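Reader: Before I rely on any label attached to a model, I would like to see each one set against its criterion. Could you take me through the reasoning step by step?

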Amino acid sequence: MALDCIESWASCFDSILIGVSGGLDSSIVAGAASRHAAALHCLTMIEDDAIGDERRYASILAKAIGVPLLEAHYGLGKVDIGRAVAPHHPWPHAPFYMQAIASVHEELCRENHIDAFFSGNGGDNIFCAIRSASPFVDRFMAQGPRHGLFDTLRDLSDLTGASGATILRHAWDRYRDCSRPPRLHRDTSGLSSAAIAELDQSGPWHPWMEAPDGTPPGKAAHVRLLARAQRSIELYPRRTHPQHVAPLLSQPIVETCLSIPTWQWIEGGRDRAVARAAFKPIVPVQLLRRTSKGGPGGFMQRIFQANAEHAGDLLRTGLLARAGLLDLRTLKRASQPTVAGFEQAQRILALCAAESWVRWWTDVGAS
């Protein structure tokens with residue numbers, strides 16, 4: 001069924017560009033799409049640090065499906081933190097590294113007449129990539145204290161590295177909280193106390209956040225993950241750019257994945273276990289075994305280092321600060337050469353993205 005969905009999407013276009021990293025989700029989409037695509041182009045983006053260079057794994061995928069691998073480096077000169085990344089979005093979420101990717105996409109579109117962008121976006125969400133004690137609680141609620149429950153305990157321990165006692169303690173907490181409203185995890189760093197208080201009182205909740213009574217906590221979390229996936233389904237404005245398709249978010253695939261118990265997704269102590277087993281025929285074994293992958297974190301750090309002063313000015317003099325939404329003390333903490341300092345730097349860039357988005361919409365309204 002999933003293969004049929006992806007292949008059907010692929011048959012709708014003459015020339016498809018898909019971003020691949022050698023990760024599981026994009027490999028599934030590329031492997032399935034290659035069967036029916038008239039022309040498929042695989043692109044991997046490269047950052048010069050070890051974590052940001054996925055060519056080794058992306059090459060394995062490209063060779064397996066018989067498609068040349070296109071490579072492009074993240075270009076720092078393509079990034080302008082004062083320019084909104086995706087002003088067509090109704091929310092300011094898009095990270096600045098997308099500007100560098102957009103530049104590469106524009107060039108490849110001219111060279112290859114691309115009429116659709118494909119991606120593995122949403123894979124972690126529908127394939128239930130959660131790391132909590134919830135699958136244990138779900139299985140207990142569905143089957144009681146049977147032998148299989150201890151298999152799930154072992155799987156969770158292998159997956160997370162936590163001890164059985166730790167998992168049981170968290171499972172008990174989850175079980176007791178089943179009847180309470182879910183607690184949303186928000187990153188409030190860099191926000192003022194007034195803004196945080198406003199968030200705490202905001203509503204109404206999205207209906208996907210409120211599970212019916214009796215819903216197992218893991219399955220409720222699985223559904224909530226779908227809401228998060230919606231942030232990445234529109235790369236560019238539809239009127240001016242090729243369509244972006246995230247085949248894994250097709251309704252038949254989503255419904256099938258939601259019907260699978262959460263504990264089956266972690267069997268063997270690996271996340272997305274059902275997907276790894278289902279797509280063995282089309283995904284190389286080296287990629288099926290991967291449990292982590294690189295990303296643009298190093299590039300984002302380079303963006304911050306090159307724009308730290310500009311970022312500070314942008315936020316201090318911006319519309320968000322004027323509205324009383326920011327705690328500007330976060331600007332000082334980002335200079336620390338620690339993990340916390342790195343996280344603060346990424347948060348500042350996220351706030352800058354929001355500021356640039358707000359300014360774009362304010363200018364549009366004024367004009």
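Author: A crossover is right-handed if, with the strands pointing away from the viewer, the path from the first strand over the helix to the second runs clockwise. Please keep in mind throughout that this is a predicted model.

Reader: Which elements make a right-handed β-α-β unit with β1?

Author: Strand β1, helix α2 (residues 24–33) and strand β2 make that unit, and it is right-handed, so the path from the first strand over the helix to the second runs clockwise in the view just described.

Reader: How do you know that β1 and β2 pair, and in which sense?

Author: Pairing requires at least two bridges between the strands, and β1 (residues 16–19) and β2 (residues 40–46) are joined in the parallel sense over four bridges, so the criterion is met. Within this pairing, Gly19 stands opposite Leu43 of β2.

Reader: What makes β4 a partner of β1?

Author: Three bridges join β1 to β4 (residues 116–118), and the two strands run parallel; the threshold is at least two bridges, and therefore they count as paired. Here Ile16 stands opposite Ala116 in β4.

Reader: How many bridges support the pairing of β2 with β3?

Author: Strand β2 and strand β3 (residues 69–73) pair over five bridges, in the parallel sense, and Leu69 in β3 is the bridge partner of Cys42. From β2 the chain crosses through helix α3 (residues 55–65) to β3, and this β-α-β crossover is right-handed.

Reader: Why is Arg290 said to lie over the face of Tyr57?

Author: The criterion asks for CZ of Arg within 6 Å of the ring centre and within 35 degrees of the ring normal. Arg290 lies over the face of Tyr57 at 3.6 Å from the ring centre, so the distance condition is satisfied.

Reader: What links Tyr74, Tyr97 and Phe299?

Author: Ring pairs link Tyr74, Tyr97 and Phe299 into a cluster, and a pair is counted if the ring centres lie within 6.5 Å. The structure holds nine aromatic pairs.

Reader: What is the class make-up of the lining of the largest cavity?

Author: The lining has eight nonpolar residues, one polar and no charged residues. Among the residues that line this cavity are Trp91, His93 and Trp357, and its volume is about 40 Å³.

How values were computed: Residues numbered from 1 in each chain as written. Predicted model: local features only at pLDDT ≥ 70, side-chain atom pairs only at ≥ 80, totals over all residues. Heavy atoms only, no water. Phe/Tyr/Trp six-rings, centres within 6.5 Å; stacked < 30°, edge-to-face > 60°. 1 Å grid on protein atoms, 1.4 Å probe; cavity = no way out; pocket = protein on both sides within 12 Å on 5 of 7 lines; lining within 4 Å. Points joined across faces, edges and corners; volume = space filled by probe spheres on them. Nonpolar A, V, L, I, M, F, W, Y, C, P; charged D, E, K, R; others polar.
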